[in-house]
Amino acid sequence: MRVRLTSAFAVLLCVASMTLACAAQEAAGVPHLQRQGSATQLIVDGKPYLAMAGELSNNAATSLENMDTIWPKLVAGNLNTALIGVSWAQFEPVEGQYNYVQLDGVIAKARENHMHVILIWFASWKNGTSSFAPYWVKKDYQRFPRIQINDGKTVSLSGPLELLSTFGDETRDADAKAFGALMKHVGEVDGTEHTVLMVQVENEVGVLRDTRDRSPAANRAFAGPVPAKLMQYLEAHKDSLIPEFRDVWAANGYKNSGTWEEVFGPGKPADVVIPVQTTSPPMSALEHSNSWQSLHWPSDEIFMAWNYALYLQKVVETGKAAYNIPMFVNGWLQQPNHAWPGTYPSGGPLPEVHDVWRAGAPSVDILAPDLYLEYFDEVCERFTRNGNPLFIPETSTTPANAIVAVGKYNTIGFSPFGIDGNRPIGADLAGTYSMLEQLAPMILARQGTDAVTAVRMSQGDAPKSIKLGNYTLTFTYTGRNSRLPPQTKGQVAGPPPPPGAGSVNPNEGPPEAAVVLIATGADEYYFGGGGMRVDFAPTTPGPGNVGLGDVQEGKFVDGKWVVTRQIAGDDDAQGEILVLRSNNIVRVTLYRYP
Ligand code: DGJ
């Protein structure tokens, strides 16, 4: 059963003001989000779409000649989608005069290469700072004010910072106007072909080197009451608020009015200087290792999240009014060496302040993680709470993460950053992308139901059991290049590979194994990935033993299953053991016997 639309806010937007426009867009195949079970899918031309993507380095598309050298790499890496930046400075070099050359060139070449595009609007902020703002914005610091940090005092590591303030209404309106012009043009040139799927609006917003903006306007707002709109949202969603956020509100007595510090607790003391990184010290070792999910001086971060959200809401709603496709914001995550707000951009769309973003920016469809951390699964969990759709715009090239994000966390897309530069798509991820692309119709048809999931394992892990369909499947790590000795049940297949084997980049993690598994019938499964042995136990009444009835390796060609190798004998231990090797697609039909 499909239920239309992701966030309650997108629903509200459609219902309140744009129902007819939304319906017309959907009928025309314009990209939009749609709920299926517990998943949210990106629908393009009427069908769910899985973005096997990569993000280009920031300025790649400022030169179309440069892009000519990049398209072949994207095709070779089996990408179907590229995340490509649009620079506000290049788009609007003179106020009110727009330059569409790069955008049109990118869209044309993407079509030639059978590729889709997700645009990144590098405008007021990129990694907190404002280097993509046009010259006419940068030089007019009175019309377009900057934040102030540390009460304007120059303390070590924190002089003036070229970071536009959210308290500049003219900045917000200029950004929104330019973004509206961009989206109007996208709608005109792409409203039929749908090469452009979504837009990331700004990049990793937030205050750096301090926990909040301390300009006079910001200080006035911080000393004033928490806006009624935010308080009403919190009251209305009290039972479903993100727990670490609710804890902060609870610790201060669930007040429903008051200043930011009265409602959410004290801000950062004046004598604490925010370092570039929170190595240990200044934190204790324990604080350091636990820091990636606890709030420090929450009222400052919550205040900034609210003000970035309000600003982004204006930009996004202006863009959507011109051409309504899904839009998202991305966050630089809190992590051990960036644990205090200000060492990561304070106020960005991080999990602990998702509720604040939801309240302030209802038109933003997705709050997305830039996910380079080792706690990949935990971050996916935190970013899928309260129905937030998962999209990973920046990450590393680890194939196991792609498989798990798709199979277990229903991601709309997976996108390593810098694929034209120092993070190329190697053969391993290219193989994983090909495998996922072939399985995508089957996965997407079942996403959000309990007929599809994924499992990851590392060398040394205990076996993992998963109930899927009519069987419990027990996975044992074998390593992705393992050979299967002629053995019987109960034994572990093959020696593990040496450390580093099978990893695209040994610096990006150990050789993990990962498999996506799909229950396609009462006794039938498809597997994609490899590095594990699978044992089956029935969960329904009947004979207790399970046999491998039919084992096929194969591929999908134009959506049809083509068997490339029929498996029996030595390759499945005389019919007793199923071992999945690297990036293979395997179809298994089971039978039961007494
Ligand atoms: C995160 C940013 O969002 C990207 O634009 C890029 O600057 C990378 N960091 C660099 O690693």
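Colleague: How many bridges pair strand β16 with strand β17, and in which sense do they run?

Modeller: Good place to start, and bear in mind that this is a predicted model. In general, strands of a sheet pair through backbone hydrogen bonds, either parallel or antiparallel. Here, β16 (residues 513-521) and β17 (residues 524-530) pair in the antiparallel sense, over seven bridges. To find the register, look at Val516, whose bridge partner in β17 is Gly528.

Colleague: Which strands form the open sheet, and in what order?

Modeller: Six strands do, in the order β13-β16-β17-β22-β19-β20, with antiparallel pairing. The edges are β13 (452-457) and β20 (560-567); each has a single partner strand, so one side of each is left without a neighbour in the sheet. Ignoring direction, neighbouring strands are turned by 30° against each other on average.

Colleague: Which helix lies across these strands?

Modeller: That is α16 (residues 427-446), which lies across β13, β16, β17, β19 (545-557) and β22 (584-593). Helix α16 runs at about 50° to β16.

Colleague: Let's turn to a hairpin. How many residues lie between β14 and β15?

Modeller: Two residues, and Gly469 in that turn has a positive phi of about 65°. Strand β14 (residues 464-468) runs antiparallel to β15, joined by five bridges, and Leu468 has Tyr471 of β15 as its bridge partner. Strand β15 also pairs with β18 (residues 532-538), again antiparallel, over seven bridges. There, Thr472 stands opposite Ala537 in β18.

Colleague: Why is β15 described as largely enclosed?

Modeller: Because five of the seven residues of β15 (residues 471-477) are buried. Helix α15 (residues 399-407) is largely enclosed by the rest of the structure too, since nine of its nine residues are buried; among them are Asn401, Ile403 and Gly407. For α14 (residues 376-383), the count is six of eight, so α14 is largely enclosed as well. Its buried residues include Asp377 and Arg382 alongside Phe376 and Phe383.

Colleague: And how do I read two helices packed together? At what angle do α2 and α4 pack?

Modeller: First, the general idea: an α-helix has 3.6 residues a turn, so residues three or four places apart point the same way. In this model, α2 (residues 64-76) offers Leu64, Asp68 and Trp71, which meet Val101, Gln102, Gly105, Val106, Lys109 and Ala110 in α4. These contact residues divide into five nonpolar, two polar and two charged. As for the angle, α2 and α4 (residues 101-112) pack at about 20°, with their axes 11 Å apart. That makes α2 roughly parallel to α4, and their crossing is right-handed.

Methods: Residues are numbered from 1 along each chain as its sequence is written. This is a predicted model: local features need pLDDT of at least 70, side-chain atom pairs count only at pLDDT 80 or more; totals for chains, interfaces and linings use all residues. Side-chain values use heavy atoms; hydrogens and water are left out. Axes are lines fitted to C-alpha atoms, for helices over the stretch in contact, and angles run from 0 to 180 degrees between N-to-C directions. Helices (H or I, at least four residues) and strands (E, at least two) are DSSP runs, numbered from the N terminus. Angles under 35 degrees count as roughly parallel, over 145 as roughly antiparallel, 65 to 115 as roughly perpendicular and the rest as oblique. A crossing is left-handed if the near helix is turned anticlockwise from the far one by less than a right angle, and right-handed if clockwise. Contact means heavy atoms within 4.5 Å. Ala, Val, Leu, Ile, Met, Phe, Trp, Tyr, Cys and Pro count as nonpolar, Asp, Glu, Lys and Arg as charged, and the others, Gly among them, as polar. Two strands pair if DSSP finds at least two bridges between them. Buried means under 20% relative accessible area, exposed over 50%, partly exposed in between (1.4 Å probe, protein chains only).
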